[in-house]
Amino acid sequence: MSNQLRMQKAMDTKDAAVINQTGIELAAEGFYEDAIDLLGEGLCMFPFDEKLRGSRGRKYIGAFNYMASIADLSLATRLNPNDWEHWYYMGVAAYLGGKYELAKDCHKNSRVLMIKYNIEAIPATVDWYWMACMKLGQKDEAEKVLENVYEGMPSEDGDYLARTLLYKGIYKPENFVEEHMCTGLSEERTRIYYLMLSYGLANYHHYLGNQEEAVKICQMIAAIPDHHNLFAYAQAKQNLKEWGAE
């Protein structure tokens, strides 16, 4: 079935949940423009549906349209301020869009909600919070937020946990990626894990002043032929541009 037919069938249901799910599926298959178009059509019908609004905001990140993402997710947080994902992804979009104060505020809210609802993704939001603080030169606050992570804590995102423990000084940079790769992952997830850990190591070297090593790792990530929707890829490209090392 063509994407256009799938999109039309979803719209014909006049059901926001069906439209949202179809948009999510299209984006998961790499069809970001079609997903955004469908979710936009859905929002014409249901302009205050926070799930549609949040989904389109997240898909805009994959399309590298960070300001549009912030606009959608900002409204989603107003429609449902208790959804940690809206805050989390708005923080991601803000960071990638260079809005570091906003990114920090979003991840502060995201962390509070994760703690409140026992969401096991705290290392991920701490990682983004830490990076925003470091971009802003707020090293004391960056160090303080790392108090929220510890070895062995429950986490859906072992790559983010390993990265934050590296920043904290619990893990060492020597053989960091190899030692903290998870076993039993699918081939695709293993590759994503490798790239995410590698970007964390690049961050570590950059803020420690080992710029040559940071550039080398980011250039490796930026040269990958796949996974261009991965945050690590977007961040590596962003850093290389900032450092004049593209």
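Two residues are in contact when heavy atoms of theirs lie within 4.5 Å. With that in hand, here is a friendly tour of this predicted model. Among contacts in the protein chain between residues at least 6 apart in sequence, 54% join residues at least 24 apart. The protein chain has 14 helices and zero strands, and the sections below go from the whole chain down to single residues.

**Overall build**

- Following the sequence from start to end, you meet the pattern α-α-α-α-α-α-α-α-α-α-α-α-α-α.
- The radius of gyration of the protein chain is 18 Å, which agrees with the value near 18 Å that a compact globule of 246 residues would have.
- Along the principal axes, the C-alpha atoms of the protein chain fill a box of roughly 55 × 40 × 40 Å.

**Surface, burial and charge**

- Of the 246 residues in the protein chain, 53% are buried.
- The protein chain has an accessible surface of about 11800 Å², and carbon and sulfur atoms account for 51% of that surface.
- Side chains in the protein chain include 25 positive and 35 negative ones, and the centres of these two sets are 4 Å apart.

**Aromatic pairs**

- If you like ring contacts, the structure holds seven aromatic pairs.
- One of them joins tyrosine 95 and tyrosine 100 edge-to-face, with 5.2 Å from centre to centre and 65 degrees between the planes.
- Tyrosine 95 has a relative accessible area of 0%, so this residue is buried; tyrosine 100, at 14%, is buried too.
- The pair of tryptophan 130 and tyrosine 167 is stacked, because the ring centres are 3.8 Å apart and the planes meet at 10 degrees.
- Tryptophan 130 belongs to helix 8 (residues 122-135) and tyrosine 167 to helix 10 (residues 158-168), so their pairing ties together parts that are 37 residues apart in sequence.
- Tryptophan 130 and tyrosine 167 are both buried.
- Tyr95 and Tyr100 turn up again in a cluster, where ring pairs link them with Trp128 and Phe231.

**Residues brought together by the fold**

- Glutamate 41 sits in helix 3 (residues 32-45) and is partly exposed, with a relative accessibility of 38%.
- From glutamate 41 to isoleucine 19 the C-alpha to C-alpha distance is 8.9 Å, although the two are 22 residues apart in sequence.
- Alanine 121 is placed in the loop between helix 7 (100-116) and helix 8.
- With 3% relative accessibility, alanine 121 counts as buried, since the cut-off is under 20%.
- Setting aside neighbours within four places in sequence, the contacts of alanine 121 are Trp84, Met114, Glu156 and Asp157.
- Alanine 121 and tyrosine 160 are separated by 39 residues in sequence, with 8.7 Å between their C-alpha atoms.

**Loop residues with positive phi**

- As background for this section, most residues other than glycine have a negative phi.
- Phenylalanine 64 has a positive phi, near 65 degrees, and is found in the loop between helix 4 (50-62) and helix 5 (66-79).
- The relative accessible area of phenylalanine 64 is 42%, so this residue is partly exposed.
- Histidine 227 also has a positive phi, near 55 degrees, and its loop runs between helix 13 (211-222) and helix 14 (231-243).
- At 15% relative accessibility, histidine 227 counts as buried.

Terms used
Residues are numbered from 1 along each chain as its sequence is written. This is a predicted model: local features need pLDDT of at least 70, side-chain atom pairs count only at pLDDT 80 or more; totals for chains, interfaces and linings use all residues. Side-chain values use heavy atoms; hydrogens and water are left out. Helices (H or I, at least four residues) and strands (E, at least two) are DSSP runs, numbered from the N terminus. The radius of gyration is taken over C-alpha atoms; the globule rule is 2.2 Å times the number of residues to the power 0.38. Buried means under 20% relative accessible area, exposed over 50%, partly exposed in between (1.4 Å probe, protein chains only). Accessible areas come from the Shrake-Rupley method with a 1.4 Å probe; for residues, only the protein chains shown count as cover. Lys and Arg count as positive and Asp and Glu as negative; His and the chain ends are not counted. The place of a charge is taken as NZ of Lys, CZ of Arg, CG of Asp or CD of Glu. Rings of Phe, Tyr and Trp (its six-membered ring) pair if their centres lie within 6.5 Å; planes under 30 degrees apart count as stacked, over 60 as edge-to-face and the rest as tilted.
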